[in-house]
Amino acid sequence: MSKKESELNTHIDVLQSYLDQLGDSVCLYSLDGVVEYCNPAHEQMFGYKADELIGLAPKDLPYLTPEFAKISDRLLEKLTSEGKLETIETQIKRKDETSIWIETQVTLLKNENEPFAIQTVTRDITERVEAEQDVLEVATNIKQLLDGLSDPLLLHKIPDKDPGTILEGNRSACVFSGYSRKELLGLNITDFNAPGESGPGAQHVQQLMSGKSALFEQKLRLKDGSVKAVEVHNQIIDYNGEKAIMAIIRDISQRKAEQEELKMHLLFEQIVSKISSRFLNISDDQIDMVIEQSLQEVSEFLDAARG
């Protein structure tokens, strides 16, 4: 055995002694990808004894999925050329048939700039992945629920120090406002204020922060410049660990128009009744004056109706 080979074996012995003590799963491979060493943590994580794995190529490892095994040669070529791979996350099946998610870092080990082995360090990330999947599932369910609402809904930051940045909006909010979801998330809630409208003030925010909800009417300006009368129901919710306002918006333009129409109808009836009563028991010399007064009132009513 040459001096260089002897030194290399010494390095490997020292390295293996250190790796035996680690809590992370560690494997050492030859430069052509054959398993040469697995530490006790690897045996515990995957359920296979080192003797069952040593001498196997990556594509033959029993816990890798067939899809991952197919790309192992390509990953080996990339490692040889670049010296390191990006962290790999994948799901594997242990010897007892249970599945876990793992995160693996692959490194080309060198001595005096000469590669001598491949090292993998693997952690069990099942708990983290399942937590992320649970959050994603909840978020997906919430989004589906929100998109199922017929009323527009917006989540936005509290407009005190922040101008009320919009954090989320459902499909109905996009249809109502004329903005796409991407456009909505680039707006502030104050961007919807119609000319002459300032929106709810500090007292409103204080009411919400005290735990009470708030219901108010407002005029909103939409993307096409049109103005709609709306009823807004606001309340504070927890969103991604922060307080935010959930605004449920109801279009009351039609209701307002009908109320205004009824109001004008009743006003017109009052004017007609008033004019009719004037013509009762008046002298001939008063007719012209009464007609002039009546025409003036009708003209004022029509101007108000047009306005």
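Start by selecting Glu89, Glu103 and Arg128: these three are linked in a network of salt bridges. Keep in mind as you click around that this is a predicted model. Across the whole model, the salt-bridge count comes to 11, and we'll come back to a few of them later.

**Stop 1: the largest core**

Next, pick Tyr29, Phe46, Leu53, Leu61, Tyr63 and Ile92. They have the most contacts inside the largest nonpolar core, which has 22 residues. To see where that core comes from, colour β1 (25-29), β2 (35-38), α2 (40-46), α3 (50-53), β3 (88-93) and β4 (99-111), the elements that each give two or more residues to it. The largest share is from β4, with 4 residues.

Now centre on Tyr63 and show its surroundings. Which residues does Tyr63 touch, leaving out those up to four places away in sequence? You should find Tyr29, His42, Phe46, Tyr48, Leu53, Ile92 and Lys93.

**Stop 2: the second core**

There is a second, separate core of 17 residues; select Leu184, Phe192, Val232 and Ile249, which are among its members.

**Stop 3: helix α9**

Select residues 202-209, helix α9, and look down the axis. Which of its residues are buried? They are His204, Val205 and Leu208. Viewed this way, the three fall within an arc of 100 degrees, so the buried residues line one face of α9. The general helix geometry helps here: with 3.6 residues a turn, residues three or four places apart point the same way.

Flip to the other side of α9 and you'll meet Ala202, Gln203 and Gln206, which are exposed. Back on the buried side, switch on β8 (214-221), β9 (227-239) and β10 (242-251), which are among the things covering the buried residues of α9. Before leaving, step just past the end of α9 to Gly211, where phi is positive, at about 100 degrees.

**Stop 4: three salt bridges**

Go to Arg123 and Asp24. Their closest N and O atoms are 3.1 Å apart, and they form a salt bridge. This one links distant parts of the chain: Arg123 is in strand β5 (residues 114-124), while Asp24 is in the loop between α1 (3-19) and β1, 99 residues apart. Is Arg123 buried, exposed or partly exposed? Arg123 has a relative accessible area of 36%, so it counts as partly exposed. Its partner Asp24 is partly exposed too, at 25% relative accessibility.

Then select Glu183 and Lys223, a salt bridge with the closest N and O atoms 3.0 Å apart. Glu183 sits in helix α8 (residues 181-184) and Lys223 in the loop between β8 and β9, so this pair ties together parts 40 residues apart in sequence. Glu183 is partly exposed, with a relative accessible area of 34%, and Lys223 is partly exposed at 42% relative accessibility.

For the last pair, pick Asp251 and Lys228. Here the closest N and O atoms of the salt bridge are 3.9 Å apart. Asp251 lies in strand β10 and Lys228 in strand β9, so the bridge ties together parts that are 23 residues apart in sequence. You met both strands earlier, as part of what covers the buried residues of α9. Check the accessibility of the two ends: Asp251 is partly exposed, with a relative accessible area of 37%, and Lys228 is partly exposed, with 28%.

How values were computed: Residues are numbered from 1 along each chain as its sequence is written. This is a predicted model: local features need pLDDT of at least 70, side-chain atom pairs count only at pLDDT 80 or more; totals for chains, interfaces and linings use all residues. Side-chain values use heavy atoms; hydrogens and water are left out. A nonpolar core is a set of buried Ala, Val, Leu, Ile, Met, Phe, Trp, Tyr and Cys residues joined through side-chain atoms within 4.5 Å. Buried means under 20% relative accessible area, exposed over 50%, partly exposed in between (1.4 Å probe, protein chains only). Contact means heavy atoms within 4.5 Å. The arc is that of the directions from the helix axis to the C-beta atoms. A salt bridge is a side-chain nitrogen of Lys or Arg within 4 Å of a carboxyl oxygen of Asp or Glu.
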